[in-house]
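Open the model in your viewer and keep the sequence panel visible. The tour goes from ring pairs to one helix.

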Amino acid sequence: MSIYDSILRQAGELAPQLRKIRRDLHAHAETGWFEIRTSSLIARRLTQLGYRVLTGPEVCLAESRMGLPGQEALDEQYRRALEQGAVQPWAGRARDGFTGVIGILDCGEGPSIALRFDIDALGVFEDGSSGHRPAREGFRSKNEGMMHACGHDGHTAIGLGAAQVLMTLRDRLRGKIKLIFQPAEEGVRGARAIVDRGHLDGVDYVIGSHMGKSAGDAQIGFSTGSTLATSKLDALFTGRAAHAGASPEAGDNALLAAASAVLNLHAIPRSSAGDTRINVGTLHAGSGRNVVCDRARLEIEVRGATTETNRYVEDYARRILRAAAEMHGCSCEVTLMGNAESLRSDGEMIERCARVCREKLGLRTAPPRSGAGASEDFAYMVNRVRAQGGQGLFFSTLTPCAGPFHSRQFDFQEEALSSAVCVFCGLTCDLMGL
């Protein structure tokens with residue numbers, strides 16, 4: 001039996017197990033830096049399979065984590081994870097925002113290949129109606145306000161399936177495999193901490209994937225375009241409170257400063273170098289109608305077709321925030337909550353993966369799209385590997401989906417999980433010359 005026939009057979013046999021894993025993770029959704037139960041189950045399984053497993057501070061560089069929740073929230077989620085079946089000692093190592101797991105399989109001389117799977121959920125309240133399959137079939141999220149509304153529960157199941165198949169083939173493999181289970185992809189907060197910890201150093205190829213809505217009968221898709229680079233900013237304006245009737249001149253109005261910033265942020269001139277975006281998503285300010293507001297907070301995101309155009313908008317936004325604060329006698333503290341560079345797959349990798357799918361795995365591929373859209377912090381990993389002379393690929397696992405991504409109704413057909421396991425394992429073997 002060829003190695004590719006073995007991959008196809010095993011991935012098909014794993015289908016019920018993949019479904020079970022996915023549904024368990026869906027029912028216990030955990031958002032970025034809270035993935036304690038999720039990380040502990042991944043680490044236990046990789047250990048059982050025989051991988052060398054890295055967890056806790058070994059995975060992410062502490063100071064490079066972005067958008068880390070407060071300690072009280074981290075403690076609360078740790079307690080809940082234990083109540084919901086998180087396993088020790090791995091749960092303890094994931095505490096305090098040190099989630100994420102890396103499994104390493106060293107098979108001697110050969111290329112170093114990293115496979116990345118994101119593991120976090122979104123801050124979404126899941127639909128509880130009978131029309132929503134997870135609710136109807138009993139695997140709706142038990143954690144209100146947290147939902148796998150983007151398919152990362154499926155990505156994690158795919159990663160564990162690939163881990164199992166690759167371990168059975170270890171005597172035929174050559175090179176090193178790193179399975180990276182990344183926390184906090186939503187809000188583009190987690191990948192940079194893994195890259196800064198050095199885990200992509202020396203890697204020749206890095207491969208990632210995302211669920212995508214199917215187009216016709218195709219199972220796997222590719223994009224020749226770039227994702228949008230993005231920066232997520234929180235801006236805190238601090239002024240001085242005063243009685244709005246008796247002594248308004250004694251106050252420094254943080255709400256006015258924030259409002260001035262909002263209007264001017266949306267008026268930033270667009271760049272001729274490429275598409276750009278900016279959005280002020282929230283403005284929280286004020287304590288009463290007769291009080292000059294002393295604190296206001298904005299949540300902002302900027303995006304650009306390239307890393308350079310994103311930087312143009314971000315720099316412009318920071319100038320506006322400083323100027324708006326100064327205009328009203330306030331100060332402004334800007335915090336970077338998430339960041340991603342632009343991401344483009346290597347053309348050679350797209351062609352190679354498409355050939356492996358068609359000729360060795362019998363999977364149907366869609367014609368490559370020219371646009372990628374959205375943003376992905378997997379870009380940090382690809383760009384790090386490319387800077388060393390390596391290559392990267394980001395492909396789509398195509399499947400019928402219910403509801404838009406990031407919506408309360410999102411769901412996907414689980415038959416796609418086996419196909420993605422085949423691609424990760426098959427392309428890995430092809431890159432090893434097997």
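Rings of Phe, Tyr and Trp (its six-membered ring) pair if their centres lie within 6.5 Å; planes under 30 degrees apart count as stacked, over 60 as edge-to-face and the rest as tilted. A search of the whole structure finds seven such aromatic pairs. This is a predicted model, in which local features need pLDDT of at least 70 and side-chain atom pairs count only at pLDDT 80 or more, while totals for chains, interfaces and linings use all residues. Residues are numbered from 1 along each chain as its sequence is written, and side-chain values use heavy atoms, with hydrogens and water left out.

Select Phe-117 and Phe-424: their rings form a tilted pair, 4.8 Å centre to centre with 55° between the planes. Phe-117 lies in strand 3 and Phe-424 in helix 13, so the pair ties together parts that are 307 residues apart in sequence. Helices (H or I, at least four residues) and strands (E, at least two) are DSSP runs, numbered from the N terminus.

Add Phe-395, whose ring makes a tilted pair with Phe-424, with centres 5.2 Å apart and planes at 55°. Are Phe-395 and Phe-424 buried or exposed? Both are buried (under 20% relative accessible area; exposed is over 50%, partly exposed in between; 1.4 Å probe, protein chains only). Add Phe-181 to see the cluster that ring pairs make of Phe-117, Phe-181, Phe-395 and Phe-424.

Next, select helix 10, residues 307–327. Its buried residues include Val-313, Ala-317 and Leu-321. On the face turned away from the buried side, find the exposed Glu-308, Arg-322, Glu-326 and Met-327. Finish at Gly-329, just after helix 10, with a positive phi of about 70°.

Note on methods. The expected span of a helix is 1.5 Å times one less than its number of residues.
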